[in-house]
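Look through the structure below with an eye to where its ligand sits, what empty space is enclosed, and where the backbone does something unusual. The paragraphs that follow take these topics in turn.

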Amino acid sequence: MGVVGSASVRAVRRFTVRAHLPEQLAALGTLATNLRWTWHPPTQDLFAAVDPEVWERVGGDPLRLLAEVPAERMAGLARNENFLARTRALADDLRRYLTGARWYQRRQEEEPGLPAAVAYFSMEFGVTEALPNYSGGLGVLAGDHLKAASDLGVPLVGVGLLYRSGYFRQSLSLDGWQVEHYPVLDPRGLPLEPLTEPTGAPIQVHVAMPGGRVLRARIWKAQVGRVPLLLLDSDLPDNDPDLRGVTDRLYGGDQDHRIRQEILAGIGGVRAVRTYCELTGHPQPEVFHTNEGHAGFLGLERIRELVTGEGLDFEQAQVAVRAGTVFTTHTPVPAGIDRFPVDLVRHYFGSGVSDGLLPGVPADRVLALGAEDNPGMFNMAHMGLRLAQRANGVSALHGRVSREMFHKLWPGFDVDEVPIGAVTNGVHGPTWAAREISKLLGESEVDSGVGLRGFEPVTDSLLWELRCALRTRLVEEVRRRVRQAWLQRGAAALELGWTDSVFDPEVLTVGFARRVPTYKRLTLMLRNSNRLRQLLLDPERPVQLVVAGKSHPADEGGKALIQQIVRFADDPAVRHRIVFLTDYDMQLARYLYWGCDVWLNNPLRPLEACGTSGMKAALNGGLNLSVRDGWWDEFYDGSNGWAIPTADGVGDPNRRDDLEAAALYDLLGSQVAPLFYDRGEDGVPNRWMSMVRHTLASLGPRVQASRMVQEYVESYYLPAARSAAAVRDEGFRGAKDLAEYRARVQSAWNRVRVLDCDMSVNGAQAPVLGAPVTVRARVELAGLDPAEVDVQAVVGRVDDADELRNVVTVSMVHTDAGEYVAEVRLPHTGAAGFTVRVLPRHALLGTPAELGRVVLAR
Ligand SMILES: *Cc1c(COP(=O)(O)O)cnc(C)c1O
């Protein structure tokens, strides 16, 4: 047998051999496959104790650890009473965590209407770097949503796709250009179990493709604490080669590839949840949460279920599906909205009613759901809104921006009345807080999922020491990574001595890491590069800057921005104070959020829907220095960080960047750095620490994903479950009623008119503030019953264009004489006006604006 050099032979396939654990250590397998270990330090410590060296080498991934630890070591541990006892205790702890009553179960005692299960659909899930199935913020948010739901006991089932190569790994060429790698992942080496029949046969879901073909997928399950996450995978030998590649990459490929992925996630996803629930006895979801438009086809599959299974017609089924659907929109950037050519949608949703992708769901009905201004395009966000009775943006500001952005879907209504609410995103505390911080703030609170609520009396110097330790850890990681990156870029080890002194553990450390779309303005800091150089090299009060981020592989502009940063940072004069770190992922992110003193964010307001990295920094006592966009617009209070003033009104983008960059340098140089370097006798920056303290105490609890998930439960899942029950009961009577009502409104509406209306002042001659006035109107109802409409008096200020502002609306009473009457108290002084409007009214409508129908007096 010849000996071959290891580098000269490439494997044709990768596969993973799972460890065979001694029986006494079987619980280690359970602890490794339930991803709760990712946010449970005692379990991580147990794995580290198995073999500290291997644990380090495999980057803290328990499955890889168990596969690589030598069998003798395992055999030794199987005889080690101490280790066995520790393992048993943690396995018991996990069992209690999985089975005990938590917040949701207590809440159910008061509120039996809470849904028995909620399905949460997302195209990406960032649970842990050991399951790299995400590209950035959206995926990490989805992962945090699952973890917080698990901590709270919310019965969620996650649904998405498993990508063969996840998102790309990033490195740099010698001249600073982004290079992408797509390592192939073997699901058997990941914390996943295939879903199988009781016989052991793997379960498949099937989705019809044009031309009589079938797209098959198997279902993998990751267990995220109490929450199962189902991931569909098309890489099966039974599939045609092109269909086999449907789940090859996240955000790779053309629109055809993309729509196939979304069809599989939405339609295949519902089928996967159904199968999972039948198989395991898990309750079927009553509520479906569509996390961004990508997953929106799920509503069509549920319409098909009701049409073919319950004998409903399309309208009735649509009403029933809407009632139990929640849609969350995540982007105020029009280019960020998912759209497909209408012809492509028609290609997949076919013309046939009885066969094809969704029997009973005609293609023209599908197309109407995604209609937008451009008749050639199908808009996934519009479909999301039309298939969900409840919708939200992800911060208060983003809620407002979304109401404006989608206003046209509710013509005739005030922007404020557009039925899109807001739930501000949050981050999973136990995942993102450094364990030292959790300990300081009380581990039990973090672990209970209630969040970092309080914060025990800790001296400034203790807290400062901790902040310094976290910064030092980051500096070490920066040095390691800079060296590695240069070796990869082709430098020789001998030239890299300087990397040992990159960064300084004593210097004010500013972080900036995010994906690289234009609106995030990666290079704003380079606007005046001399000024930046001065700040970095200030002899008294230097700043060091760590930058990271991936550009979408097809975005050459984004890659050029990265190159600009890299070229600046390559300069020997500044390279000890500014670094670009490659391959921003959850692992690198943790070091950054833990160790940075300041977290910088300078998006083009209001294009950042929420932003969550600054929240993770805040959890660790990092101070935010940010444009007031997304969450920071809502949470900045004047003493928990800094707001970079924005030049919102300035139309010229160049000038706007100049102004905002100047403001950024100014804040850094004249406020942030002086405060950081202003030390007391004990060397502690006391005024800085009081801001850190305030950040931990005031932002700590509010930025938590547990707060976010509780809001979803109370304001979205619970009302959606109630609506879903109301339309479903008694053989879908509610759905049939509401569909019939919608049809009548549809045909009568353009004949409904306010025939006349007037206002009279009660008593006094001239109207005065707070005085009652009487509004009367006569209305032509075109055959609708008076109980089926809401006729409202609308009173408010008028502006110069006679537009009503700051209105109050009062429902008018239908009198025996056939008139509508209301008494209104005048709410403002000055120029006022009134009008009368007619709205649909039905007990099963979520809001009066829901049908987008209103008739105004003329
Ligand atoms: C939190 C996080 C993000 C999102 O951060 P934003 O502030 O929303 O840009 C992106 N990537 C990783 C790895 C994260 O952990």
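Begin with the helices around the ligand: helix 8 (137-152), helix 23 (586-595) and helix 24 (613-619) each supply at least two residues of the shell. Helix 23 gives the most, with three residues. Keep in mind that this is a predicted model.

Where does the ligand lie with respect to the domains? Domain 2 (112-339 + 391-422) and domain 3 (452-701) both contribute residues to the shell, so the ligand lies between them.

There are 15 residues around the ligand, and those that come nearest are Lys520, Tyr593, Thr612, Ser613 and Lys616. By chemical character, the shell divides into six nonpolar, five polar and four charged residues.

Some of these neighbours can be followed down to single atoms. A polar side-chain atom of Ser613 lies 2.5 Å from an oxygen atom of the ligand. For Tyr593, a polar side-chain atom is 3.2 Å from a ligand oxygen atom. Thr612 takes part through its backbone: a polar backbone atom of Thr612 is 3.1 Å from an oxygen atom of the ligand. Taken alone, the ligand exposes 380 Å², and the protein buries 95% of that.

Now turn to the enclosed empty space. A search of the whole structure finds six cavities of 30 Å³ or more, and the largest cavity has a volume of about 80 Å³. Which residues line the largest cavity? They are Val510, Met525, Leu532, Leu535, Leu536, Val543, Leu545, Leu600, Leu664, Tyr665 and Leu668. Helix 21 (529-537), strand 16 (543-548) and helix 26 (653-677) are the elements that give two or more residues to this lining. The lining has eleven nonpolar residues, no polar ones and no charged ones.

Finally, consider the backbone. Most residues other than glycine have a negative phi, and most peptide bonds are trans. Two places in this model depart from those habits. One is the peptide bond that joins Arg605 and Pro606, which is cis, with omega about 0 degrees. Pro606 is placed in the loop between strand 18 (598-601) and helix 24. Helix 24 was met above as one of the elements that supply at least two residues of the shell around the ligand.

The other place is Glu730, which has a positive phi of about 50 degrees although it is not a glycine. Glu730 is found in helix 28 (residues 705-748).

Definitions and conventions: Residues numbered from 1 in each chain as written. Predicted model: local features only at pLDDT ≥ 70, side-chain atom pairs only at ≥ 80, totals over all residues. Heavy atoms only, no water. Near = heavy atom within 4 Å. Polar contact = N/O pair within 3.5 Å; in protein donor to acceptor, adjacent residues only side chain to side chain. Areas by Shrake-Rupley, 256 points an atom, 1.4 Å probe, with all protein chains shown as cover. Helix = DSSP H or I, 4+ residues; strand = E, 2+ residues; numbered from the N terminus. Nonpolar A, V, L, I, M, F, W, Y, C, P; charged D, E, K, R; others polar. Domains from an automatic or database assignment. 1 Å grid on protein atoms, 1.4 Å probe; cavity = no way out; pocket = protein on both sides within 12 Å on 5 of 7 lines; lining within 4 Å. Points joined across faces, edges and corners; volume = space filled by probe spheres on them.
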